[in-house]
Amino acid sequence: MSRVIGRPRRRVDARAKVTGQTRFADDVILPRMLHCKLLRSTVPHARIVRIDTARAAAHPGVHLVLTGEAFPVPYGVLPVSHDEHALCPDKVRFVGDPVAAVIARDEATADQAVHLIDVEYEPLRTFAAPEDSLAHAEPRIHDYGDGGNVHRAVALQFGDVDAAIDGADHVFDDVFFFEGNTHLPIEQHAAVAATDPDGKLVVWSSTQTPHYLHRSLAKALQMPAAHIRVIATPNGGGFGGKSDPFNHEIVVAGAALLLDRPVKICLTREEVFYCHRGRHPVLMRFRTGVTRDGRITGVDLQTLLDGGAYGSYGVASTFYTGALQTVTYDVPTYRFRGCRVFTNKPPCGPKRGHGTPQARFGQEVQLDKIAERLQVDPADLRLNILAPANTLTANFLRIGTMGLGECVRRVVASAGWGDKFRRLPRGHGVGLACSSYLSGAGLPINWNDLPHSGVQLKLDRSGGVTAFCGATEIGQGSDDVLVAVVAEVLGIEPFDVRAVTGDTDLTPVDLGSYSSRVTLMMGNAAIEAATRARDLLAQAVSRKLEIPVARVTFADRRVFDAEAPDRGVTFADAVCMAEAQFGTIGTTGSYTPPRSEAKFKGGGVGPSPTYSYTAAIVEVEVDPVTGWIVVPAVWIAHDVGRALNPALVRGQVEGSVYMALGEALMEEQAFRRLPPRLSNALVHKFPSMLEYKSPTFLEMPDVHTDLVESMDPAGPFGAKEVGQGPLLPIMPALANAVYDAVGVRIDEVPITPEKILKALQLAAAGKPGRVGPAAFPDHVPWPEALRVTPPWEGGDGRASNEPPRRSRRKADAGVEATTGVRR
Amino acid sequence: MAVDVRAGAKTRLTCAVNGEPVDRLVDGYKTLLEVLREDLQLTGTKHGCELGECGACAVLVDGEPILSCLTLAVECGGRAVTTVEGLSSGPRLHPLQEAFADLGAAQCGYCTPGILVTAKALLDRNPRPSPAEIKEALAGNLCRCTGYLQIVEAVAAAAERMAAAERTRS
């Protein structure tokens, strides 16, 4: 039946990419264009006493110098944390915070002039680690939050978890640490701003979220959003790192308006490390009650997130560390407490898996320990406790199709698990882990009842179709999904469909390329738009052929009688007939996720139309003398619902495995103090690609990818997400494999040869062979937990002890309401 | 050759880029990357670090892959430079480009130009490389999207297609 969907195809934008014609943001070159450089703070935490820009302004070739007073209005991606300014007005919060900007005739001149700006700082205490931020309330990095330097502390409880854990046969109490790491897209962030001939603002940017940039520009520049056009250029890799509205985008926009000339900025690689918004370092404690036959009675999870210097997506990240523990396994009672603190480091935010990989690591390593203690095969342990399909979890997440069991069985078979686990010679090991991820966040950031994705189609008399959607191509293949879905419904070829995407003037809103939402949400919107167009064409053709509409069929660029396929017209003729009958043919489709059943405050993070599932087995070779670790092979099975283009799906799985191995083995966004004779400032340890180690061609193992197709009714043609979920099981599977290989537990990420060697030395000395954090702090200022009765105990999704909220619309997961873009 | 690298000081560059002669005055301090992208508007060549760490800016100079971000443009006087724009023959893509497009070897496409020209240099000197030789040749090119495996397969497939085409010709 399907002619496009489900076949491995050359993606629609492949030719542009292999010929170098894809126009990325830094490839936008305009007449009269000027160049911008930012002056960034050299101190981690300080008040700005004085900025002298006179020498820079007088430098030949300089057109404009800007400081914080040019941008008085704060902004931020979440309505609850509008805590950023395009240029710091009064204080700096990390080394790299921008304080001034120079716009000059060329980049070299701007770079020279930026160093002629003199800034006098009055240093403030530096907060280098979450423990510092918990211990010292003053000075506050921000004047908002949950007190002192705590950005947000949350607590949720579902059922009587204490009784469930106390009454269990075994209680496991483990502390884990997941180091921060960064996206490292090969494309450095770039933006170009210009005024169009009408005087309106146009911004091209390597952003994953043109709609949020659109809102933020309107707010920060205090101008009508209707007079701003944001064009998201194809991203040269995003992975979450281009999801925030950024200071450099607002600066060039402001400068272009002031100068009435195009202004470009392209960040250096070092500056990309300062933009960050990457994986939060998370310390976590899992207390889990287990029956002697391996069933979980309750989970009590605490997480402590090092948020860095700004809010970013941090409130959502905090909830995400505790959101998805319940969608893989049956967890009848659950308590989650999460705390995000501010520190004087580049802000953390969403990286592939957003907040969930850290706690997934802890959960899956702990399950390996549970299986070890109970003498159960880790695969069997998991298969025995799978969360059932089409149910509500303790925290009111609605599970749709659930292919995790099939995923586990497939990797167990393909990896030869039974012959390898605990049977390989010393130094060789295998480990297994599972995971799940959202197919799109069920709730919007800016709380409203509007669709999350819209698609508009224009049908041309030539038979060409143009599909407009705000979705952003970041390499994942969203343009290909859009085109394929429209072509499938209309019975034409993907090449007949032109995708126009990520342009706020031309395309209906799609919220952006994050939370693995685009295939499901844009796909459903595209199906609706294409079906409406097909219906118009079918009516016109049925009249012409004098057959019932139900018999009109679309395939091979023809519209014909299903019972007499020779009787029909070309697709182009069908468009003309429909246009003659109905007028210009244009249709729209939109998608809004189903309402969440989680009504408690904080319940806005976690719901999704459906969830993907993944199981992975990682094989390792560990040299017991040096601790050196090599990964020869990975087996991974992913429940993608339906693979719309299997070539692209496989690429997402392998790319996830790759990025996960980087996190598991080597990647660290780490910091150090400069020597006291310099400034003692807290600085990034190695803001360069050479020293921030990431895997090359030579480190990449064989990956055996298996796609499970559960055909989810919520997804377009049955599809679920694939861009993020397959990353999640790799880090814990690798940790579990190290234990299988050499019998030591590395309860933190990354798992380096040094840590393995240390654990082996501890074991040799008769001590526990473990490297990981010793304890979770006991002085986190937890609020009283919101108590929510699980659905099987009659709960309605509300908290019994929640203070009444001002209105339903006023709060969601701490993400308070906004009336939209400020005019 | 003495080159004045002060801002504003121009130096004459005479070379061939993608088979076409180039003769123009360029800033002496500019890298080949900057001259290709900014002066010649050949923006197919990308940059990820401008420090010689990522391989995104690779181009061929006299057939050898070099990092254009670490090469002064004026060092290329009299030499033949090939960028991604020079791989195809008119509308006909190079077999590497065809294979990369068919086999999912380009996701975001940003590292792709550098990898394509590096792979071309490999196939020019070793028409049937093993997977290990492909990985070795491309180890200086970082890609954050693909996990590399589809790239290795695409290079091998291109080599296979080129060998098949060669057999047909002879």
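Start with charge: in this predicted model, chain B carries 17 positive and 21 negative side chains. Take the centre of each set, and the two points sit 2 Å apart. Chain A has 88 positive and 93 negative side chains, and its two centres also lie 2 Å apart.

Now for the build of chain B. Its 5 helices and 5 strands come in the order β-β-α-β-β-β-α-α-α-α as you read along the sequence. The radius of gyration of chain B is 17 Å, close to the 15 Å that the globule rule gives for 170 residues, so chain B is as compact as a globular protein of that length. If you drew a box around its C-alpha atoms along the principal axes, that box would be roughly 50 × 35 × 25 Å.

Chain A has 19 helices and 32 strands. Here the radius of gyration is 27 Å, close to the 28 Å from the globule rule for 823 residues, so chain A is as compact as a globular protein of that length. Its C-alpha trace spans about 85 × 70 × 55 Å along the principal axes.

Here are a few values for the chains, side by side.

| Property | Chain and value |
|---|---|
| Buried residues | chain B: 56% of 170 residues |
| Buried residues | chain A: 66% of 823 residues |
| Accessible surface | chain B: about 6,900 Å² |
| Accessible surface | chain A: about 27,600 Å² |

What is that surface made of? In chain B, carbon and sulfur atoms supply 52% of the exposed area, and in chain A 50% of the accessible surface belongs to them.

You can also ask how far along the sequence contacting residues are from each other. Looking at contacts with a separation of 6 or more, residues 24 or more positions apart account for 54% of them in chain B. For chain A, that share is 80%.

Finally, the cysteines. How many disulfides does a search of the whole structure find? The count over all chains is 0. Take A:Cys88 as a case: the closest cysteine sulfur to its own belongs to A:Cys275 and is 13 Å away, too far for a bond, because a disulfide needs the two sulfur atoms within 2.5 Å. A:Cys88 is also buried, with a relative accessible area of 3%. A:Cys266 tells a similar story: its sulfur is 11 Å from the closest cysteine sulfur, again in A:Cys275, and that is too far for a bond. With 9% relative accessibility, A:Cys266 counts as buried too.

Terms used
Residues numbered from 1 in each chain as written. Chains lettered and ligands numbered in written order. Heavy atoms only, no water. Helix = DSSP H or I, 4+ residues; strand = E, 2+ residues; numbered from the N terminus. Rg over C-alpha atoms; globule rule 2.2 N^0.38 Å. Buried < 20%, exposed > 50% of the residue type's maximum accessible area, 1.4 Å probe, protein only. Contact = heavy atoms within 4.5 Å. Areas by Shrake-Rupley, 256 points an atom, 1.4 Å probe, with all protein chains shown as cover. Lys, Arg positive; Asp, Glu negative; His and termini not counted. Charge placed at Lys NZ, Arg CZ, Asp CG, Glu CD.
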